[in-house]
Amino acid sequence: MISDNHPNLPIKLVDELRQRWDWSKVKVHLVASIAGKHESWPSVIKSVSLRKMGMRTGKGPRVKTLMLECQGSSLGNFTTQWMNEFHWSARGESAEDWLDESKKRREKLPYPPIKLVFPTKKTVQDSAAGELGGGTIFCRRKQWSTKNYPRDNFYDSKSKAGPALMHSKMIIATLQSNAYLVKKSRNQEPSDSEDEVDDDIQEVEPGIGWIYVGSHNFTPSAWGTLSGSSFNPILNINNYELGVVFPIKDEAEAAKLACFQRPPRKYVTGKDEPWIQEESVYHQLEDVGR
């Protein structure tokens, strides 16, 4: 920005942030998206850093599922490849391993366990300001009608503060047990190693997940799309975005910090549709007046 006609910024270099303030007690990670085309691993890693908070799901009988609840005010052009790419990173998996998978296989993966939390048309109409208040919430009919759009992943977005629409952006990631595998493992005979418990060792339960809050909508434009190869990755990001991500210890903490009502209500097929601003008579009149 300094070279772009802004020579009077109080901070000239990012390093000055470390020099001016004490960050030793900060317990969140800063997550930034830097618009542009980023090639090679150093550039990709610097451009967006969500993987720092990735939650490993484990293997075998203790494997868990990472559920993402993504709330925002604008929807993207979702594909199964992009949503699996994001979910892969959110699990803390290696981006190199993802790019080593064949593109055809990545394109055919089913949608991952991600809840898209976005207000229905009725929720907007029933809000305090009604349809007039839906001017900063965006979904297009063209998106919603796309053949393979993840309509089955949609959940209604209702504010915990009452009948108010939200322009917030939040992701809640929680590890959940696989009920079938847990039951199966309990029925198995314990191994010798499981019987040998050291009384001096205290088991510490890890947190159940993390929360992101910031300016990123859950879209490819905000978070970027990964392409190229494991030797030469390319990350394309359209937007400049900034937020923080921090761990949560249990469901009670997730419920307390969430800006939306949890668990969100799943859309009813054939009854619920997302709020589509362009189809509202109030916002059509606004467009005519411009």
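**Exercise 1. Find out how many disulfides this predicted model holds, and say whether Cys70 and Cys139 are buried or exposed.**

Step 1. Start with the count: the structure holds zero disulfides. As a reminder, a disulfide is a covalent bond between the sulfur atoms of two cysteines.

Step 2. Now check the two cysteines. You need one cut-off here: a residue is buried when its relative accessible area is under 20%. Cys70 has 4% relative accessibility, so Cys70 counts as buried.

Step 3. Cys139 comes out at 3%, so Cys139 is buried too.

**Exercise 2. Work out the strand order of the open seven-stranded sheet, then say which strands stand at its edges and why one side of each has no neighbour.**

Step 1. Read across the sheet: the order is 1-10-7-6-3-4-5, and the pairing is mixed. Strands of a sheet pair through backbone hydrogen bonds, either parallel or antiparallel.

Step 2. Look at the two ends of that order. Strand 1 (29-33) and strand 5 (154-155) are the edge strands. Each has a single partner strand, so one side of each is left without a neighbour in the sheet.

Step 3. Zoom in on one edge. Strand 5 pairs with strand 4 (residues 114-117) in the parallel sense, over two bridges. Here you can spot Val117 standing opposite Tyr155 of strand 5.

**Exercise 3. Say which strands helix 3 lies across, and which elements supply the largest nonpolar core.**

Step 1. Find helix 3 at residues 80-90. Helix 3 lies across strand 3 (64-71), strand 4, strand 6 (170-177) and strand 7 (209-214), and runs at about 115° to strand 3.

Step 2. Turn to the core. In soluble globular proteins, nonpolar side chains tend to be buried together. The largest nonpolar core in this model has 31 residues, and Leu68, Ile171, Phe218 and Trp223 touch the most other members.

Step 3. Sort the suppliers. At least two core residues come from each of strand 3, helix 3, strand 4, strand 6, strand 7 and helix 10 (220-223). Helix 3 gives the most, with four residues.

Step 4. Try one core residue yourself. Skipping its neighbours within four places in sequence, Ile171 is in contact with residues including Leu68, Phe86, Trp210, Phe218 and Trp223. Another core lies apart from the largest one: it has twelve residues, and Met170, Ile211, Phe246 and Ile248 are among them.

**Exercise 4. Count the salt bridges, and look at where the partners of three of them sit.**

Step 1. The total is 14 salt bridges.

Step 2. Take Asp126 and Lys122: their side chains meet at 2.5 Å, N to O. Asp126 is partly exposed at 48%, while Lys122 counts as exposed at 52%.

Step 3. Next come Arg140 and Glu278, whose side chains meet at 2.8 Å, N to O. Arg140 lies in the loop between helix 6 (121-125) and helix 7 (141-144), and Glu278 in the loop between helix 11 (251-257) and helix 12 (281-289), so this pair ties together parts that are 138 residues apart in sequence. Arg140 is exposed at 52%, and Glu278 is partly exposed at 33%.

Step 4. Last, Lys266 bridges to Asp152, with the closest N and O atoms 3.3 Å apart. Lys266 is in the loop between helix 11 and helix 12, Asp152 is in the loop between helix 7 and strand 5, and the two are 114 residues apart. Lys266 is partly exposed at 31%, whereas Asp152 is exposed at 54%.

Conventions
Residues numbered from 1 in each chain as written. Predicted model: local features only at pLDDT ≥ 70, side-chain atom pairs only at ≥ 80, totals over all residues. Heavy atoms only, no water. Disulfide = S-S within 2.5 Å. Buried < 20%, exposed > 50% of the residue type's maximum accessible area, 1.4 Å probe, protein only. Pairing = 2+ DSSP bridges. Contact = heavy atoms within 4.5 Å. Axes fitted to C-alpha atoms, helices over the stretch in contact; angles between N-to-C directions. Core = buried A, V, L, I, M, F, W, Y, C linked by side-chain atoms within 4.5 Å. Salt bridge = Lys/Arg side-chain N within 4 Å of Asp/Glu carboxyl O.
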